[in-house]
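Please go through this model by question and answer. Start from the view below.

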Amino acid sequence: MQLKWNYTPSTSEQTNTAKELGEKLGISPILASLLIRRGITTESAAKRFFRPQLSDLINPFLMQDMDIAVDRLNDAMGRKERIMVYGDYDVDGCTAVALVYKFLRQFYSNIEYYIPDRYDEGYGVSKKGIDFAKESGVKLIIILDCGIKAVEEISYAKEQGIDFIICDHHVPDNNMPPAVAILNPKRADDSFPFKDLCGCGVGFKFMQAFAKNNNIPFSRLIPLLDFCAVSIAADLVPVVGENRILAFHGLKQLNQNPSVGLQAIVDICGLSGREISMSDIIFKIGPRINASGRMESGKESVDLLVERDLATALLEAKHIDKYNDKRKDVDRQMTEEANQIVERLESQKHQNSIVLYDEHWKKGVIGIVASRLTEIYYRPTIVITREGDLATVGTNCSRFRPIFCD
Ligand SMILES: [Mn+2]
């Protein structure tokens, strides 16, 4: 495969601004021109980029429905209602649930968490989850990293007397679920100035608002930042603006004073004593958190993330590492099978895309296999497996995921 690089040369105006900015900051004009290409054109913007400050975090109450969400949570606590924190089974969802649960359990004990089973319940809000909540007397569900499309399920919950607060970052449809509050910077009517938060980031903003409203000092939020860094890296959201502040300080937290669960994962990844980077999260920490949801149930990852005892956490982390080894085996085998099909099918070789189906392939791994084929053939790839009477689709493009539910 021959790679072809396309780039736009700098305009003379950009070259001059780069020279000026470089002189002001004492950096090379090349570095300065890279900043300018990223829209960072002033000295103060460059300072914010290189030295992100927690004091620059945006007021969470600028997000649509934030006041309603905080009021509903305060009411639930005042009335001693049972609260469930519910989330997606991927890294973003698991860290989001861990973040909200870990923060709130310090002030409130009538709270539990729930991660749907990928194989049994699938993506997003499940009726089974709602029924389970009803049985345990839950009155309020805080849902993270999913929920924005769950119109039918959230209507069903409402009929059962269960309220929802949605913290999501996926693009909403015109018809939004009947939740009490919908926190989502991608809502058309939302004026929160930063749009690229991940699900865990929206959860953090909710907790920031809750803390502010209840006079809880900001310093109490610092131990949550390592979860933010992990989700930002693993969900591949742009590391600019608010995400850059959360990722920068979150990495610092992860390196200096990580939560017990993440410490255990760092240990089993063999990263102890090393400076952990965003790449370490993407390639080592993230896949392990994901592995339990891919192979069995994502709840085990949240159990680990909120664990307080290091010895227990290390045992749980070893368990999750085994899931990751299993995932790698399945991944290798499926990729090999898929690759053989492409090689065999002369007709596929000259197509602009690849579409493959095998009913024995594992649902939690087809997305990874699609990505691997894209790395080999540089083409958009769809890998399909069977789930009962339905097909589940994995692609190399995460933008298809909400449509195909995996
Ligand atoms: Mn997400």
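The turns below cover a metal site, two helix pairs and one loop residue.

This is a predicted model, where local features need pLDDT of at least 70, side-chain atom pairs count only at pLDDT 80 or more, and totals for chains, interfaces and linings use all residues. Residues are numbered from 1 along each chain as its sequence is written, and side-chain values use heavy atoms, with hydrogens and water left out.

Q: Which residues coordinate the manganese ion?
A: Donors are N, O and S atoms within 2.8 Å of the metal (3.2 Å for Na, K and Ca); water is not among the atoms, so sites may look incomplete. Here the distances run from 2.2 to 2.5 Å. The donor residues are Asp92 (OD), Asp145 (OD), His169 (NE2) and Asp235 (OD).

Q: How are the donor residues of the manganese ion spaced in sequence, and how many residues apart are aspartate 92 and aspartate 145?
A: The spacing is D-x52-D-x23-H-x65-D. Aspartate 92 sits in helix H5 (residues 91–104), and aspartate 145 in the loop between strand E3 (138–144) and helix H7 (151–159). Helices (H or I, at least four residues) and strands (E, at least two) are DSSP runs, numbered from the N terminus. The pair links distant parts of the chain, 53 residues apart.

Q: Is aspartate 145 buried or exposed?
A: Buried means under 20% relative accessible area, exposed over 50%, partly exposed in between (1.4 Å probe, protein chains only). Aspartate 145 has 1% relative accessibility, so this residue counts as buried.

Q: Are H4 and H8 roughly parallel or roughly perpendicular?
A: Axes are lines fitted to C-alpha atoms, for helices over the stretch in contact, and angles run from 0 to 180 degrees between N-to-C directions. The axes of helix H4 (residues 66–78) and helix H8 (residues 199–213) come within 10 Å and cross at roughly 65°. Angles under 35 degrees count as roughly parallel, over 145 as roughly antiparallel, 65 to 115 as roughly perpendicular and the rest as oblique. H4 and H8 are therefore roughly perpendicular.

Q: At what angle do H6 and H7 pack?
A: Helix H6 covers residues 127–135. The axes of H6 and H7 lie 10 Å apart. The angle is about 20°.

Q: Which residues does phenylalanine 194 touch?
A: Phenylalanine 194 lies in the loop between strand E5 (181–183) and H8. Contact means heavy atoms within 4.5 Å. Not counting residues up to four places away in sequence, phenylalanine 194 touches Ile58, Pro185, Val240, Gly241, Glu242 and Asn243.
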